[in-house]
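The following paragraphs lead the reader through a protein chain and the DNA strands beside it. Please keep the sequence and the three-dimensional view at hand while reading.

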Amino acid sequence: MGMSRLYDEIYAVVRRIPPGMVATYGQIGMSLAPPCPARTVGWALAAVGRIDPRPPVPWQRVVNAQGKVSTGEHQRQLLEAEGIEFDTAGRIDLERFGWAGHE
DNA sequence: ATCCTGACCAGTG
DNA sequence: GCACTGGCCAGGA
């Protein structure tokens, strides 16, 4: 209830992604009511580095619809440390590591 | 109020 | 596979 800023709602969803799993920008956006575009989710996560929300937001667990990371090697290393695997093209198998949006 | 800045995605050639 | 296009939001200064 007091949380009305859209970015905060996006962060709340991202916090629910379990370690070792990933969700896509579009998936996060579609899980909100009303839905917001994938781009907006990207913008919200880009702001994490500047505003540093508490509790922490596991931003590394959000990847694009191709199963690729958007922010480079650091994000990849964080995900590999959680047990997520990348193929030779640098893609994550979303069938295997994708979060369904519920437990 | 205006201006700037950003980590997307599906469709197309 | 890659490059390009259109869509058109929220927040901070």
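Two residues are said here to be in contact when heavy atoms of theirs lie within 4.5 Å. With that cut-off, and leaving out residues up to four places away in sequence, Q75 touches W59, Q60, V62, V63, V69 and S70. The model is a predicted one, and the contacts described below are computed from its coordinates.

The confidence of the prediction deserves attention before the details. Chain A has a mean pLDDT of 93, and 96% of its residues reach 70 or more. Among its elements, β2 has the highest mean pLDDT, 98, while α4 has the lowest, 88. Where pLDDT is low, predicted coordinates should not be read in detail.

The residue introduced above, Q75, belongs to helix α5, which spans residues 73-81. Q75 counts as buried because its relative accessibility is 0%. One of the residues that Q75 touches is V63, and V63 lies in strand β2. V63 is likewise classed as buried, because its relative accessible area is 0%. Beyond its neighbours within four places in sequence, V63 is in contact with V22, A23, T24, Y25, K68, V69, Q75, L79, I92 and L94. Between V63 and R76 there are 10.0 Å from C-alpha to C-alpha, at a separation of 13 residues in sequence.

Among the contacts of V63 is T24, a residue of strand β1, which covers residues 23-24. Why is T24 counted as buried? Its relative accessible area is 14%, and the class of buried residues takes in values under 20%. Apart from neighbours within four places in sequence, T24 is in contact with V62, V63, N64, A65 and L94. A polar atom of the T24 side chain also lies 3.0 Å from the backbone nitrogen of Q27.

The interior can next be followed from helix α1. This helix comprises residues 6-14, of which D8, I10, Y11, V13 and V14 are buried. The elements that cover these buried residues include α2 (25-30), α3 (38-46), α4 (48-51) and β2 (62-63). In soluble globular proteins, nonpolar side chains tend to be buried together. The largest nonpolar core of this model has 18 residues, and those touching the most other members are I10, Y11, V14, I17, I28, V41 and L45. Two or more residues of this core come from each of α1, α2 and α3, with α1 giving the most, four residues. V14 illustrates the packing: leaving out residues up to four places away in sequence, V14 touches I28, L45, V57, P58, W59 and V62. Another core, of seven residues, lies apart from the largest one and includes V22, L79, I84 and F86.

The surface beside the DNA forms the next part of the picture. Which residues come nearest to DNA strand B? Of the 13 residues around this strand, they are Y25, W43, L45, N64 and A65. Sugar and phosphate make up 42% of the atoms of DNA strand B that come within 4 Å of the protein. Two polar contacts involve its bases: an N or O atom in the side chain of W43 is 2.7 Å from a base nitrogen, and a backbone N or O atom of L45 is 2.9 Å from a base nitrogen. A polar backbone atom of A65, in turn, lies 2.9 Å from a phosphate oxygen of DNA strand B. The elements giving two or more residues to this surface are α2 and α3, and α3 supplies the largest share, six residues. By class, the surface near DNA strand B holds seven nonpolar residues, five polar and one charged.

DNA strand C has R5, L6, Y7, R39, T40 and W43 around it. Of the atoms of DNA strand C within 4 Å of the protein, 39% belong to sugar or phosphate, and the rest belong to bases. A polar side-chain atom of R39 is 3.0 Å from a base oxygen of this strand. Two or more residues of the surface near DNA strand C come from α1 and from α3, with the largest share, three residues, from α3. This surface divides into three nonpolar residues, one polar and two charged. W43 is thus listed around DNA strand C and also among the residues that come nearest to DNA strand B.

Methods
Residues numbered from 1 in each chain as written. Chains lettered and ligands numbered in written order. Predicted model: local features only at pLDDT ≥ 70, side-chain atom pairs only at ≥ 80, totals over all residues. Heavy atoms only, no water. Buried < 20%, exposed > 50% of the residue type's maximum accessible area, 1.4 Å probe, protein only. Near = heavy atom within 4 Å. Polar contact = N/O pair within 3.5 Å; in protein donor to acceptor, adjacent residues only side chain to side chain. Nonpolar A, V, L, I, M, F, W, Y, C, P; charged D, E, K, R; others polar. pLDDT = per-residue confidence, 0-100. Core = buried A, V, L, I, M, F, W, Y, C linked by side-chain atoms within 4.5 Å.
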